[in-house]
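Let us take a walk through this protein together, from its strands to its side chains. Keep the picture open as you read, and look up each residue when it is named.

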Amino acid sequence: SRPLVRSAPVARDRRHERGAAAERAARAHLEARGLVTLLANFRTRAGELDLVMRDGRALAVVEVRCRADSRFGGALGSVAGSKQRRIAAAAGLLLRVRPDLARLPMRFDVVAVHPQPDGTHACEWVRDAFRC
């Protein structure tokens with residue numbers, strides 16, 4: 001007999017594609033405003049940094065969040081204390097392996113991406129969203 005096909009991988013694939021589309025939209029949004037992408041999806045043992053960008057003389061570590069609706073605080077509300085600590089820890093590890101970036105003033109930004117009915121994405125950029 002054939003094994004049953006489970007729907008979890010399909011749902012995970014859809015969620016992954018939605019996340020990748022949100023990150024592309026956020027990156028394009030920020031690049032259109034003059035930021036320069038240095039790294040995308042930088043993985044460390046502490047977690048992943050979605051985007052690391054240069055904004056003039058500043059280093060912007062950008063967390064991209066996508067939520068279909070605003071229940072439970074929405075995309076911006078989902079970057080709470082524990083998530084902020086993981087992002088800060090990952091940023092610290094980045095600076096260890098890229099000491100050239102450690103000379104720049106650093107800030108933590110969040111881009112909330114809101115999928116639109118027409119398939120586009122509206123982006124809400126919060127510069128210096130939190131401090132650690």
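## A tour of the sheet

Val62 has Asp109 of strand β4 standing opposite it. This is a predicted model, so please read every position and distance below as part of a prediction.

The pair above belongs to the join between β3 and β4, where the two strands run parallel and share 8 bridges. Strand β4 covers residues 106–115, while β3 covers residues 58–66.

Now step back to see the whole protein. There are 4 helices and 5 strands, and along the sequence they follow the pattern α-β-β-β-α-α-α-β-β. The strands make an open sheet of 5 strands in the order β1-β2-β3-β4-β5, and the pairing is mixed. At the edges lie β1 and β5, each of which pairs on one side only. From one strand to the next, the twist averages 30°.

Here are three of the pairings side by side.

| Strands | Direction | Bridges |
|---|---|---|
| β1 and β2 | antiparallel | 7 bridges |
| β2 and β3 | antiparallel | 5 bridges |
| β3 and β4 | parallel | 8 bridges |

## Two hairpins and their partners

Start at β1, which spans residues 36–44, and move on to β2, residues 47–55. These two strands form a hairpin with 2 residues between them. Within this pairing, Thr37 has Met53 of β2 as its bridge partner.

Met53 is worth a second look, as Ala60 in β3 also stands opposite Met53. You can trace the β2 and β3 pairing through other residues too: Val52 has Val61 of β3 as its bridge partner, and Arg54 stands opposite Leu59 in β3. The hairpin of β2 and β3 again has 2 residues between the strands, and there Gly56 takes a positive phi near 65°.

A general point helps when you look at any strand here. In a regular strand, side chains alternate between the two faces of the sheet.

## What is hidden and what is not

Why is β3 described as largely enclosed by the rest of the structure? The reason is that 8 of its 9 residues are buried. Across the protein, buried residues make up 35% of the 132 residues. The protein exposes about 8400 Å², and carbon and sulfur atoms supply 51% of that area.

Asp128, which lies in strand β5, is a good residue to compare with the definitions of buried and exposed. Its relative accessibility is 30%, and because that falls between the cut-offs of 20% and 50%, Asp128 counts as partly exposed. Leaving out residues up to four places away in sequence, Asp128 touches Arg107, Phe108 and Asp109. The C-alpha atoms of Asp128 and Val61 are separated by 9.3 Å, although the two residues are 67 residues apart along the chain.

## One aromatic pair

How many aromatic pairs does a search of the whole structure find? There is 1. Phe108 and Phe130 form this pair, which is stacked, with 5.0 Å centre to centre and 15° between the planes. The pair links distant parts of the chain: Phe108 sits in β4 and Phe130 in β5, 22 residues apart. Both Phe108 and Phe130 are buried.

Links between distant parts of the chain also appear in the contacts. Among contacts between residues at least 6 apart in sequence, 50% join residues at least 24 apart.

## How confident is the prediction?

The protein averages a pLDDT of 86, and 81% of the residues score at least 70. Which elements have the lowest and the highest mean pLDDT? Helix α2, residues 74–77, has the lowest at 58, and β2 has the highest at 97. Over residues 3–7 the pLDDT is below 50, and this stretch has 0 contacts in the model beyond near neighbours in sequence.

Technical notes
Residues are numbered from 1 along each chain as its sequence is written. This is a predicted model: local features need pLDDT of at least 70, side-chain atom pairs count only at pLDDT 80 or more; totals for chains, interfaces and linings use all residues. Side-chain values use heavy atoms; hydrogens and water are left out. Two strands pair if DSSP finds at least two bridges between them. Axes are lines fitted to C-alpha atoms, for helices over the stretch in contact, and angles run from 0 to 180 degrees between N-to-C directions. pLDDT is the predictor's confidence in each residue, from 0 to 100. Contact means heavy atoms within 4.5 Å. Buried means under 20% relative accessible area, exposed over 50%, partly exposed in between (1.4 Å probe, protein chains only). Accessible areas come from the Shrake-Rupley method with a 1.4 Å probe; for residues, only the protein chains shown count as cover. Rings of Phe, Tyr and Trp (its six-membered ring) pair if their centres lie within 6.5 Å; planes under 30 degrees apart count as stacked, over 60 as edge-to-face and the rest as tilted.
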